[in-house]
Amino acid sequence: MIINGVRWRVRLVSPAHPMLLTPHKTHALGVCDKVTQTICIDETLSPQLLKEVLCHELVHAFMYSYDIDLTYDEEEIVATLMGEYGDDILEMTDAIYDGIKVK
């Protein structure tokens, strides 16, 4: 996929994959690597959690591709918000937009 001219890859990987190991030696559900433009996600996640983690990591990819510079904590807040509530936000946006007469 391409975001703002940057090609990204998404890979489902084993939970033991080195990309999912944090510096603190804990297991991450997903990782977005801006150097390699690769998103790796634990292949053992349930479908719902997989979708949330994918959305979360895509938010990181969008921020990196558009040079949006936030602190780590700010970036995680935005990515978590979209990962957990993105479907609801988009569904409500579509419902409201469909009811607005655009001229």
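This report describes the fold, the central strand pairings, the first helix and a few loop residues of one chain.

## Overall layout

The model is predicted. The chain has 103 residues, of which 25% count as buried. Two helices and five strands make up its regular elements, and along the sequence they follow the pattern β-β-β-β-β-α-α. The C-alpha trace spans about 50 × 30 × 25 Å along its principal axes. The accessible surface comes to about 7300 Å², and carbon and sulfur atoms account for 60% of that area. Among contacts between residues at least 6 apart in sequence, 50% join residues at least 24 apart.

## Strand β5 and its partners

Strand β5 covers residues 38-42, and five of its five residues are buried. In a regular strand, side chains alternate between the two faces of the sheet. In β5 both faces are covered: Thr38, Cys40 and Asp42 lie on one side, Ile39 and Ile41 lie on the other, and all are buried.

Two pairings involve this strand. Strand β3, residues 9-13, pairs with β5 in the parallel sense over five bridges. Strand β4, in contrast, runs antiparallel to β5, and four bridges join the two. Individual bridge partners can be named in both pairings. Arg11 has Cys40 of β5 as its bridge partner. Cys32 is matched with Ile39 of β5, and Gly30 stands opposite Ile41.

Strands β4 and β5 form a hairpin with four residues between them. Gln37 belongs to the turn of this hairpin and has a positive phi of about 50 degrees.

## Helix α1

Helix α1 runs over residues 47-65. The helix has 19 residues and reaches 26 Å from its first C-alpha to its last, close to the 27 Å expected at 1.5 Å a residue.

Which residues of α1 are buried? They are Val53, His56, Glu57, Val59, His60, Ala61, Met63 and Ser65. An α-helix has 3.6 residues a turn, so residues three or four places apart point the same way. Such spacing can be followed in the buried set, for example from Val53 to His56 or Glu57, and from His56 to Val59 or His60. The cover over the buried residues of α1 includes strands β1, β2, β4 and β5, together with helix α2.

## The loop after α1 and a surface patch

Asp67 follows α1 and has a positive phi, near 55 degrees. Ile68 is placed in the loop between α1 and α2, the latter covering residues 72-99. Is Ile68 buried or partly exposed? Ile68 counts as partly exposed because its relative accessibility is 42%, and the partly exposed class lies between 20% and 50%. With Phe62 and Tyr66, Ile68 forms a nonpolar patch on the surface, and the three together have about 300 Å² of accessible area.

## Two loop residues with positive phi

Asn4 and Gln37 are residues other than glycine, and each has a positive phi. The table sets out their values.

| Residue | Loop | Phi | Relative accessible area |
|---|---|---|---|
| Asn4 | between β1 and β2 | near 50 degrees | 45% |
| Gln37 | between β4 and β5 | near 50 degrees | 27% |

Asn4 is partly exposed because its relative accessible area of 45% falls between the limits of 20% and 50%. Gln37, with a relative accessible area of 27%, is also partly exposed.

Conventions:
Residues numbered from 1 in each chain as written. Predicted model: local features only at pLDDT ≥ 70, side-chain atom pairs only at ≥ 80, totals over all residues. Heavy atoms only, no water. Patch = residues over 30% accessible without salt bridge, like charges linked within 9 Å, V, L, I, M, F, W, Y side chains within 5 Å. Areas by Shrake-Rupley, 256 points an atom, 1.4 Å probe, with all protein chains shown as cover. Salt bridge = Lys/Arg side-chain N within 4 Å of Asp/Glu carboxyl O. Buried < 20%, exposed > 50% of the residue type's maximum accessible area, 1.4 Å probe, protein only. Expected span 1.5 Å × (residues − 1). Contact = heavy atoms within 4.5 Å. Pairing = 2+ DSSP bridges.
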